[in-house]
Every structure is written in structure tokens, then in C-alpha cells.
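Q: Could you take me through the surroundings of the ligand in this one, slowly and in plain words? Once that is done, feel free to wander a little through the rest of the fold.

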Amino acid sequence: ATMPPLLSAIANAGRHGVLVKSAVVMERLGEVDAVALDKTGTLTEGTPRVTDVRPLAGGGLDERELLTFAAAAERPSEHPLARAVVDAARERGLDLPVTEEFGATPGIGVTATVGGRKVAVGAPARLLAEADDPRSVRAAVVAAELERGGRTAVLVTLDGTPAGLLGVADRVRADAAATVAALTAHTGAAPLLLTGDNPRAAARLAAEVGIDDVRAGLLPEQKVAAVRELEESGRRVMVVGDGVNDAPALATAHAGVAMGRAGSDLALETADAVIVRDELRTVPAVVVLSRKARRLVV
Ligand code: ADP
Ligand code: MG
């Protein structure tokens with residue numbers, strides 16, 4: 001018997017390394033006219049590394065102590081930035097104390113109690129609420145400096161006071177620019193960048209891969225709002241993401257696609273399709289496969 005076109009397309013997508021969860025999804029993938037890509041772990045490789053360790057003067061910590069507190073707080077987190085911080089501590093042979101009362105807020109960071117001190121690690125823009133004390137001002141200056149260099153700045157506070165910053169950098173995927181170019185050339189879908197990361201690092205990456213439409217500093221529900229707004233203006237949006245922070249947007253989109261290798265369990269479960277082989281180039285490929293199959297169906 002010959003297989004129905006959408007089922008052959010699913011088998012074909014599988015050969016490209018994309019797991020499409022149903023025939024309905026296979027159909028929807030070809031309907032999209034906007035593709036919203038996440039930054040960390042999607043356009044970048046998702047294996048960031050700590051490049052800078054910057055204790056703040058007057059914070060009472062040296063580099064090793066700053067990294068120790070940060071890594072102990074991050075240890076239970078599955079966020080790529082958390083893994084970078086823990087790896088950096090391990091590489092320096094630091095002994096990590098016990099982590100208590102761990103909590104994570106997607107798009108912001110983590111909190112924990114380490115050695116009796118309350119530690120918060122995360123986005124400076126979110127954690128530096130009132131910048132009127134001298135150390136907060138210095139922290140904001142160091143963060144801006146790191147971000148201008150294309151780094152993600154990670155702030156560490158102890159008992160609510162800024163103690164220092166870490167700079168983290170991730171490599172852009174080798175096929176990111178080609179994927180964006182192929183989307184435009186082969187599908188006509190408009191690429192955009194939706195990220196929780198800071199606007200400076202986001203703009204730099206977008207320029208590098210050829211995306212003009214950039215929305216940065218978004219919390220998970222703001223990613224959802226951005227997708228809703230596009231869909232209300234008549235677009236059909238594909239979201240491509242990897243994180244717990246992307247799950248709500250993956251669920252909202254016309255088609256949600258998760259990065260499989262480094263993707264969080266929640267993203268993989270929520271998505272309609274999963275990129276199993278770690279290649280972003282498969283995104284335009286499945287759109288084309290879907291359209292070919294649909295032409296055979298109708
Ligand atoms: P993206 O949309 O680029 O994948 P996220 O929404 O996951 O980024 O995170 C947005 C920002 O929140 C990060 O750039 C970082 O500043 C902060 N953040 C989130 N989780 C963590 C964490 N575990 N450790 C440090 N920073 C974090
Ligand atoms: Mg991500």
C-alpha cells in the first residue's frame with residue numbers, strides 16, 4: 001500500500017532528524033509564515049562557558065569564593081547558564097558546599113541558601129531592582145561592559161546585596177546564519193529572535209545571523225504575548241526553543257519545535273515536533289516537506 005502523503009512526510013522528517021508528533025503537526029509546519037527563534041540553546045550551541053569572574057570591590061569575596069557561591073546555588077538548575085557556572089567551578093577544582101532551599105524562576109535566575117547565606121544568581125536587569133547604593137551602580141556598569149562584549153552578564157547577590165558578576169559566552173551554531181537565509185529564501189517565512197537575554201547581546205547575535213526583528217529581555221509570558229500578538233495580526237507562528245522558559249510559547253504557537261539534544265524535558269514534552277539530530281538547518285527543511293505533502297493531499 002502507498003502511505004498517505006503526510007505520513008510519508010513524517011517518515012521523511014524523521015530521516016532529516018526531526019520527530020514530528022502527528023499528521024496534524026506535519027500539516028501545520030507548512031502553514032507557518034513567521035519563525036520565532038530563541039537565542040540561548042537554539043541559535044547558539046547551548047554549551048556556554050564562563051569567560052569572566054568579576055567580584056565587586058567591597059563585596060568581601062575573591063574570584064574563587066564568588067564562583068563557589070554561584071555554582072553551589074546553580075547546581076540543581078538545568079539551565080545552560082547554570083551548567084556553565086558549575087563547570088567553571090569544577091574546572092578550578094572548587095569544593096561546592098551543600099545547596100539548600102533551591103528555587104528557580106524561568107527567565108530570571110535561581111535562589112538558594114549556601115553556607116547560611118541567601119544567594120541569588122541571574123539576570124542583572126531583574127535582580128538589580130533599586131540601583132541607588134554604590135555597589136548596585138558598579139554592578140550595573142560591569143554588566144553593561146560584559147554585555148557590550150556580547151556576553152550574558154550573570155549577577156550574584158549575597159543576602160540581597162550584589163557580590164559580583166560572571167560573564168558567560170556561547171558559540172553561535174555553525175548553521176544558524178544558513179538556517180535564517182534558507183527560511184527566507186525557501187519558505188518566505190519571516191525570522192525573528194525572541195529571547196530572555198539582554199538586548200545588547202541579542203542585537204549582536206541577530207546581526208551575526210541575519211535577523212532584523214529582535215525582541216529581547218522577555219519573560220516566559222512575554223514570549224507568549226509576542227506570539228499571540230503576531231497570530232492576532234494574522235501570522236502563523238512557529239516557535240523554536242529549548243528551555244523551560246520557552247514551554248509556554250511552544251504551547252501557544254501554531255507549531256512548537258524543541259531542540260532535542262540540550263532541550264529541557266518540559267520543552268520536549270510541550271513541543272509539537274523535536275529536532276532530534278542537533279541541526280537547526282532541519283527547520284526550513286520540514287516546512288518544505290510539509291508543503292510538498294500538502295500539495296499531494298489537496
Ligand atoms: P533565552 O530566551 O535566551 O533562552 P532564558 O529566558 O532562559 O534565555 O533566560 C533569560 C535570562 O535570565 C538569561 O539571559 C539570564 O540572564 C537569566 N537566567 C535564567 N535562568 C538563569 C540561571 N539558572 N542562572 C543565571 N541566569 C539565569
Ligand atoms: Mg533557550
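A: Sure, let's start at the ligand, bearing in mind that this is a predicted model. Ligand 1 has 23 residues around it, and the closest are Thr40, His79, Ala123, Gly196 and Asn245. Sorted by class, that shell holds 12 polar residues, seven nonpolar and four charged ones.

Where do those residues come from? Domain 1 (5–45 + 172–297) and domain 2 (49–169) each put at least three residues into the shell around ligand 1. In terms of secondary structure, five elements supply at least two shell residues each: helices H3 (39–43) and H5 (80–91), plus strands E5 (109–114), E6 (117–122) and E7 (152–158). H3 contributes the most, with three residues.

Two of those elements lead on to other things worth a look. Take H5: this helix packs with helix H4 (residues 63–74), their axes 8 Å apart and at an angle of about 130 degrees. That angle makes H4 oblique to H5, because it falls outside the 65 to 115 range for roughly perpendicular and is not over 145, where roughly antiparallel begins. As for handedness, H4 crosses H5 in a left-handed sense.

Now take E7. The loop between E7 and strand E8 (161–169) is home to Asp159, and the backbone there has a feature you may want to check in your viewer: phi of Asp159 is positive, near 50 degrees, in a residue that isn't glycine. Asp159 has 10 other C-beta atoms within 10 Å, so it counts as exposed, the limit being 12 or fewer.

Glu101 also has a positive phi, near 50 degrees, and again the residue is something other than glycine. Glu101, though, sits in a strand, namely E4 (residues 99–105). With 11 C-beta neighbours inside 10 Å, Glu101 is classed as exposed too.

One last stop is Ala185, in helix H8 (residues 176–187). Its count is 9 other C-beta atoms within 10 Å, so Ala185 is exposed. If you want a long-range distance to go with that, try Ala185 and Ser8: they are 177 residues apart along the chain, and their C-alpha atoms are separated by 24 Å.

So, back to where we began: the shell around ligand 1 draws on both domain 1 and domain 2, with H3 giving the most residues.

Key:
Residues numbered from 1 in each chain as written. Chains lettered and ligands numbered in written order. Predicted model: local features only at pLDDT ≥ 70, side-chain atom pairs only at ≥ 80, totals over all residues. Near = placed C-beta within 6 Å. Helix = DSSP H or I, 4+ residues; strand = E, 2+ residues; numbered from the N terminus. Nonpolar A, V, L, I, M, F, W, Y, C, P; charged D, E, K, R; others polar. Domains from an automatic or database assignment. Buried ≥ 20, exposed ≤ 12 C-beta atoms within 10 Å, placed from the backbone. Axes fitted to C-alpha atoms, helices over the stretch in contact; angles between N-to-C directions. Parallel < 35°, antiparallel > 145°, perpendicular 65-115°, else oblique. Left-handed = near helix turned anticlockwise from the far one by under 90°.
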